[in-house]
Amino acid sequence: MKKILFIFLFCSVAFTAKCQFIDTLQSAIERNGNFSFSFNSRNSFIGTNNAYIFGFNVGVCFGKKFTIGGGYNTLATTIHETKYEGKDTLNEKLDFFFFSYFVQYIITLSKHWRIDIPLTIGFGNAYLQYVNQRQLLNISSRIIIPLEPQVELDYNFNKYCGLYTQVGYRYMLVNNKLLDYNFNSVTYSVGILIYPLEIYAGLFPHTKWAKAIEANE
């Protein structure tokens with residue numbers, strides 16, 4: 001009887017939390033969306049190599065609770081692979097990039113603290129690049145589809161700047177099996193937050209754009 005009661009209470013709490021989450025998203029989406037732009041660069045690993053991924057996101061934020069959008073991500077670290085063909089030595093360079101689509105749920109904890117929970121899926125390419133007889137050639141090229149769930153904790157000093165720390169994981173739904181690299185990896189980053197739209201509104205408070213930014217805060 002106690003087990004049945006516990007299961008009933010657990011299901012009730014889970015259902016209530018789900019309903020509250022859906023209601024929050026619905027009320028946020030019904031509001032006018034604000035333009036959102038951010039860099040999303042992070043450290044990771046490809047095989048045993050350190051791999052710094054540089055990216056940016058463009059999207060629409062609804063009520064500072066829910067953001068949807070897309071972006072671009074590319075490998076910014078040089079990763080080489082050496083191969084030998086007869087007497088020739090080939091220095092091959094790994095290239096890895098993908099276009100991304102994301103949804104992000106935002107939890108405001110206090111005036112200074114907030115948590116961002118983005119989920120990103122990408123579509124791109126991974127291949128090796130080398131110079132042969134002064135021609136730049138791409139080999140072993142295949143489509144890739146990475147999935148990246150992340151959690152980010154932000155501390156905002158004010159509405160213009162702050163600090164953040166982010167952890168996540170890159171899981172390859174579709175991998176390039178022609179390459180001898182493991183792209184699955186933990187991702188992480190720590191850095192400074194800059195809010196350019198709020199800075200613009202602070203510098204030019206009487207412009208139409210600045211008033212629109214202030215009205216949606």
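Cysteine 161 is partly exposed, with a relative accessible area of 25%, while cysteine 61 is buried at 11%. Here buried means under 20% relative accessible area, exposed over 50%, and partly exposed in between (1.4 Å probe, protein chains only). The structure holds 0 disulfides, a disulfide being a pair of cysteine sulfur atoms within 2.5 Å.

The model is predicted: local features need pLDDT of at least 70 and side-chain atom pairs count only at pLDDT 80 or more, whereas totals for chains, interfaces and linings use all residues. Residues are numbered from 1 along each chain as its sequence is written, and side-chain values use heavy atoms, with hydrogens and water left out.

## Overall make-up

The protein has 3 helices and 10 strands. Both kinds of element are DSSP runs numbered from the N terminus (helices: H or I, at least four residues; strands: E, at least two). From the N terminus on, the order is α-β-β-β-β-β-β-β-β-β-β-α-α. Of the 217 residues in the protein, 34% are buried. Among contacts (heavy atoms within 4.5 Å) with a separation of 6 or more, residues 24 or more positions apart account for 56%.

## Salt bridges

There are 4 salt bridges in the structure. The term covers a side-chain nitrogen of Lys or Arg within 4 Å of a carboxyl oxygen of Asp or Glu. The table lists pairs among them.

| Acidic residue | Basic residue | N to O distance |
|---|---|---|
| Aspartate 95 | Lysine 93 | 3.0 Å |
| Aspartate 116 | Arginine 114 | 3.0 Å |
| Glutamate 148 | Arginine 42 | 2.9 Å |

The salt bridge of glutamate 148 and arginine 42 ties together parts that are 106 residues apart in sequence, because glutamate 148 lies in strand 8 (residues 135-156) and arginine 42 in strand 2 (residues 42-46). Glutamate 148 and arginine 42 are both buried.

In the pair of aspartate 95 and lysine 93, the acidic residue is buried at 14% relative accessibility. Lysine 93 is partly exposed, at 27%.

Aspartate 116 sits in strand 7 (residues 113-132) and is buried, with a relative accessible area of 3%. Its partner arginine 114 also counts as buried, at 19%. Salt bridges with shared partners join Arg114, Asp116 and Asp154 into one network. The side chains of aspartate 116 and arginine 114 also make a polar contact of 3.0 Å. A polar contact is a pair of N or O atoms within 3.5 Å; within protein, one must be able to donate a hydrogen and the other to accept it, and residues adjacent in sequence count only if both atoms are side-chain atoms. Leaving aside neighbours within four places in sequence, aspartate 116 is in contact with Gln104, Tyr105, Ile106, Gln150, Val151, Glu152 and Asp154.

## Surroundings of arginine 42

Arginine 42 has a further side-chain partner in asparagine 73, through a polar contact of 2.8 Å. Asparagine 73 belongs to strand 4 (residues 66-75) and is buried at 2% relative accessibility. Apart from neighbours within four places in sequence, the residues in contact with asparagine 73 include Asn40, Arg42, Ile53, Phe54 and Gly55, as well as Phe96, Phe97, Phe98 and Ser100.

Alanine 51, in strand 3 (residues 49-62), likewise has Arg42 among its contacts. With neighbours within four places in sequence left aside, its other contacts are Asn43, Ser44, Phe45, Ile46, Leu75, Thr77 and Ile79. Alanine 51 is buried, with a relative accessible area of 2%. Its C-alpha lies 5.6 Å from that of threonine 77, at a separation of 26 residues in sequence.

## The largest pocket

Rolling a probe the size of a water molecule over the atoms shows where empty space is left. The largest pocket contains about 1,500 Å³ of space. Of the 49 residues that line this pocket, Ser36, Phe37, Arg114, Ile194 and Tyr195 are the closest to its centre. Strand 1 (residues 33-39) gives the largest share of the lining, 7 residues.

On a 1 Å grid over the protein atoms alone, a pocket is an open set of points where a 1.4 Å probe fits, with protein on both sides within 12 Å along at least five of seven lines, and lining residues have an atom within 4 Å of a point. Grid points are joined across faces, edges and corners, and the volume is the space filled by probe spheres set on the points.
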